[in-house]
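Please open the structure in your viewer and keep the selection panel at hand, since this tour moves from one selection to the next.

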Amino acid sequence: MSDSAHSAETLLSVEDLKVHFETDEGIVKAVDGVSFEVKRGEMLGIVGESGSGKSVANLTILGLTRASNATISGRIMFEGRDLTELGGEELQRIRGNEIAMIFQDPLSSLHPFFKVGDQLIEAIQVHRDVSKEEARKHATDLLGLVGIPDAKRRIGEYPHEFSGGMRQRVMIAMALANDPKLLIADEPTTALDVTTQAQILRLIERLREELGMAMIIVTHDLGVVAEVSDRVMVMYAGEAVESGTLDQIFYDPQHPYAWGLLGSLTRIDRPRTARLAQIAGQPPSLIRPPKGCHFRDRCPHAFEKCTEHPDLEARGGEAGHTDRCWIDPERKRELRVVSTGEIGLEAPEEVTS
Ligand SMILES: Nc1ncnc2c1ncn2[C@@H]1O[C@H](COP(=O)(O)OP(=O)(O)OP(=O)(O)O)[C@@H](O)[C@H]1O
Ligand SMILES: [Mg+2]
C-alpha cells in the first residue's frame, strides 16, 4: 500500500485554521491561525504543553468542535474537499472510514456493556456492506494485527477483561477497521505505563509501515514524537511556533520554546531519579495572550522586537523548516546551547532526597 509514487502527495492540508470559543470570560482563541500538511503515508507529530490547542485543532478536522459557542474559520482540505464545508452526514461518512481517531483513554471510547468483538463488528458494518460473518472474520484478523493473542476467544470478552494496553490495542484495531487513509492519535500512550507505552509505539510504527497510512500523533511528550514522526509541529498557545522534519526540530531547533521542550525530554539513558528541566512560568491566557510573541513572557531571551507578532516562516533553518522567533539565527545557535546544553542532551542534576 505504501506506494512511493503517492508518497509526496498531500493528503490533508489545514490552512489558517482558527477555532475560537465564546465563553463568559471572553473569546478563547484555542487555535489561532494554524496551517499544516500531511502527505500520504507521512507521520506528523504535534507537540506542545497542555492547553496549546492540539486536541481542538484535530477534533476540528473531524468536525467535533462544531458546538454552538465555536467559530471556525480557515480551510481543511482532505482529498480535494474542504471538510469545514461538509454537512454532518457527509462528515460522518469520512469519520471512522477515511479518517479515524484514537484517544488517550480507551475505556471512555469502548462501551463497557458490549463485547469487544461486537463493537468491532459494528464499527466495520457502519461503513461496509458485509455480512456479520465476514465482519467477524475481519474483526478477528484486526485483533491479530494489533497483537492481541488468542483473538478468536478474546473477541467474545468485555472491555474490562482487557488490560489498559490491550484496550488501547483494541481501539487501534477499531480505528483501522475501515482502512483509513489518515489516523489521528491524540495522546495514544499517555494513560499507559512506560513499558506498555513503548509497546504501543512499536505497534503504531509497525502498522504504519505495513499499512502505509498517514498519521497525526498528538502528544505533550517530545520523546514520543522522536520515536515515530517524520515531521513535527510545535504548538504554543494556539499557534504553531516551529515546524520541520524530525531531524530539524531535534538537531537544529529554532524556537526557545522548542529548546525548553527538548531540555525537558525524558531520556532513556538518564537515571530514573533525574529531575526534568521545566519551562518556567505558565502558558498565557488564550483570551488575552501577550501582544507580539505569545511566548515572550516566559522567554529568557525576549527583547524589544518580541512585542511584535512574528510570522511562522523560514528564518534560520533549512528549507521546509519554519519558526516564529525574532532572534537572529546566528545568535540562536549560541543561545540554545546555553539554554538546553547540547540541545537537551545534557545530564540533568540528580535529585537528592
Ligand atoms: N468548548 C470549549 N469552550 C471553551 N474553551 C474550550 C473548549 N474546548 C477547548 N477549550 C479550550 O481550548 C484550549 C485548548 O485546548 P486543547 O484541548 O486543544 O489543548 P491540548 O493542547 O489538547 O491540551 P492537552 O495536552 O491537555 O490535551 C484550552 O484552553 C481549553 O480550555
Ligand atoms: Mg489534548
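Before the first selection, one cut-off is needed: a residue counts as buried if 20 or more other C-beta atoms lie within 10 Å of its own, as exposed if 12 or fewer do, and as partly exposed in between. Please also keep in mind that this is a predicted model.

Begin with E187, which is found in the loop between β7 (182–186) and α8 (194–211). Is E187 buried or exposed, or something in between? With 19 other C-beta atoms within 10 Å, E187 is partly exposed, because that count falls in the range between the two cut-offs. Its backbone deserves attention as well, for E187 has a positive phi of about 50° although it is not a glycine. Most residues other than glycine have a negative phi.

Next select D16, which is found in strand β1 and whose phi, near 50°, is likewise positive in a residue other than glycine. Around D16 there are 11 other C-beta atoms within 10 Å, so D16 is exposed.

From D16, widen the selection to the sheet that holds β1, an open one in which 4 strands follow the order β2-β1-β4-β5 with antiparallel pairing. The edges of this sheet are β2 and β5 (81–82), each of which pairs on one side only. Within the sheet, β1 and β4 (residues 70–78) run antiparallel and are joined by 8 bridges; to find one pairing, select S13 and look in β4 for its bridge partner, M77. Then display α1, which lies across β1, β2 and β4 and runs at about 65° to β2.

Now show ligand 1, which has 16 residues around it, with F21, A30, S50, S55 and V56 coming nearest. Which elements each supply at least two residues of this shell? They are β1 (10–23), β2 (26–39) and α1 (54–61), and the largest share, 3 residues, comes from α1. Coloured by residue type, the shell divides into 6 nonpolar, 9 polar and 1 charged.

Finally, turn to the other open sheet, in which 7 strands take the order β6-β7-β8-β3-β9-β10-β11 with mixed pairing, and whose edge strands are β6 (99–102) and β11 (322–323). Helix α11 (residues 256–263) packs on this sheet, where it touches β3, β9 (231–236) and β10 (239–245), and its direction makes about 105° with that of β9. Strands β3 (residues 43–47) and β8 (residues 214–219) run parallel and are joined by 5 bridges, and a last selection of M43 shows it standing opposite M215 in β8.

Conventions. Residues are numbered from 1 along each chain as its sequence is written. Chains are lettered from A and ligands numbered from 1 in the order in which they are written. This is a predicted model: local features need pLDDT of at least 70, side-chain atom pairs count only at pLDDT 80 or more; totals for chains, interfaces and linings use all residues. A residue is near a molecule or strand if its C-beta atom, placed from the backbone, lies within 6 Å of it. Ala, Val, Leu, Ile, Met, Phe, Trp, Tyr, Cys and Pro count as nonpolar, Asp, Glu, Lys and Arg as charged, and the others, Gly among them, as polar. Two strands pair if DSSP finds at least two bridges between them. Two residues are in contact if their C-beta atoms, placed from the backbone, lie within 7 Å. Axes are lines fitted to C-alpha atoms, for helices over the stretch in contact, and angles run from 0 to 180 degrees between N-to-C directions.
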